[in-house]
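Me: I'm new to reading protein structures, and I'd like a close look at just one part of this one. Could you walk me through a sheet and whatever packs around it?

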Amino acid sequence: MHIVITRPKEDSLFLIERLRKLDHIVTHLPVIKIEGLKTEKINLQNYKAVIFTSSNAIKFLNVDKFDSKIKCYCVGKTTEFTARQAGFINTHSSEGTVDSLLELIIRSFENKSGKLLYLSSEFISKDLDVDLTNAGFTVDRVSNYTTLPIEEIDKNTIDFLKKKTPDAIF
């Protein structure tokens, strides 16, 4: 089976490797790239918990003082793994959706115990910070990365796709 992966390379390496080990033909054709945004240094000591809905927010973390024991909420296991690699040790993971993350935070964080920091993309599919605020929490949202379209595709990749039509695109 010929499978095309459209995520950025750093987000796809593990999947590409696994698919190739299963004897699939894999073409990497990223359609977006991830870039960090300039932000002021963040003092995590001003917050009781930090929220990540993507591993990319962790990659572009710009903190002044870092407490590895700060409560860290992650949208899923992959993001939690990245958070642990970055040094967070008090991590909590939801089932991989923003709605499940919202539920986890509401169930496990006392909203009067302090402010939450939500690090996110410039573009989001759901206003987690608004939902948390509506539930009585105090939240600061900082967009520390963005997604940009890939504007040019390698000619060799186009030629290969013309010769070998994909069976699936992820």
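Reply: Let's go through the six-stranded sheet first, then its helices and cores, and end with the smaller sheet. One thing before we start: this is a predicted model.

So, in what order do the strands of the 6-stranded sheet come? Reading across, you get β3-β10-β9-β5-β7-β8, in an open sheet with mixed pairing. At the edges you'll find β3 (32-36) and β8, each of which pairs on one side only. Going from one strand to the next, the twist averages 25°. As background, strands of a sheet pair through backbone hydrogen bonds, either parallel or antiparallel.

You can see both senses around β10. On one side, β3 and β10 run antiparallel and are joined by 5 bridges. Lys33 is a good place to look, as it stands opposite Leu148 in β10. With β9, strand β10 (residues 139-149) pairs in the parallel sense, over 6 bridges. Two pairs to find there: Leu116 has Val139 in β10 as its bridge partner, and Ser120 has Ser143.

Now zoom in on Tyr145, which sits in strand β10. Is Tyr145 buried or exposed? Its relative accessibility is 6%, so Tyr145 counts as buried. Its side chain makes a polar contact with the side chain of Ser54, at 3.2 Å. Tyr145 also shows how the fold brings far-off parts of the chain together: Tyr145 and Ile34 are 111 residues apart along the chain, yet their C-alpha atoms are separated by 6.9 Å. Leaving aside neighbours within four places in sequence, the residues in contact with Tyr145 include Ile34, Glu35, Ala57, Phe60, Ser120 and Ser121.

Next, the helices. Helix α3 lies across β5, β7 and β8, and runs at about 170° to β8. Helix α4 (residues 98-108) packs on the sheet too, touching β5, β7, β8 and β9, and its direction makes about 150° with that of β7.

Take a slower look at α3 (residues 77-85), where Thr79, Glu80, Thr82 and Ala83 are buried. Why do these residues end up on the same side of α3? Because they cover an arc of only 160° around the axis. Here's a handy rule: an α-helix has 3.6 residues a turn, so residues three or four places apart point the same way. Over on the other side of α3, Lys77, Thr78, Phe81 and Gln85 are exposed. The cover over the buried residues includes β5 (49-52), α2 (55-59), β7 (71-74) and β8 (90-93). After α3 comes Gly87, with a positive phi near 115°.

What about the nonpolar packing? In soluble globular proteins, nonpolar side chains tend to be buried together. Here, the largest nonpolar core has 17 residues, and Val50, Phe52 and Phe88 have the most contacts inside it. The elements giving two or more residues to this core are β5, α2, β7 and β9 (116-121). Apart from it lies another core, of 16 residues, among them Ala49, Ile51, Val98 and Phe137. If you click on Phe88 and skip its neighbours within four places in sequence, its contacts include Leu44, Val50, Phe52, Leu61, Cys72 and Ala83. Ala83 is one of the buried residues of α3 you met above.

Finally, the smaller sheet. It is an open sheet of 3 strands in the order β2-β1-β11, with parallel pairing. β2 (25-28) and β11 (168-169) stand at the edges with a single partner strand each, so one side of each is left without a neighbour in the sheet. Helix α1 (residues 9-21) packs on this sheet, touching β1 and β2, and its direction makes about 170° with that of β2. Helix α6 (residues 155-163) lies across β1 and β2 as well, running at about 140° to β2. β1 and β11 are joined by 2 bridges, and Val4 stands opposite Ile169 in β11.

One last residue to find is His2, in strand β1 (residues 2-5). With 0% relative accessibility, His2 counts as buried. The side chains of His2 and Thr27 make a polar contact at 2.6 Å. Not counting residues up to four places away in sequence, His2 also touches others, including Ile25, Phe160, Leu161 and Ala168.

Definitions and conventions:
Residues numbered from 1 in each chain as written. Predicted model: local features only at pLDDT ≥ 70, side-chain atom pairs only at ≥ 80, totals over all residues. Heavy atoms only, no water. Helix = DSSP H or I, 4+ residues; strand = E, 2+ residues; numbered from the N terminus. Buried < 20%, exposed > 50% of the residue type's maximum accessible area, 1.4 Å probe, protein only. Polar contact = N/O pair within 3.5 Å; in protein donor to acceptor, adjacent residues only side chain to side chain. Contact = heavy atoms within 4.5 Å. Arc of directions from axis to C-beta. Core = buried A, V, L, I, M, F, W, Y, C linked by side-chain atoms within 4.5 Å. Pairing = 2+ DSSP bridges. Axes fitted to C-alpha atoms, helices over the stretch in contact; angles between N-to-C directions.
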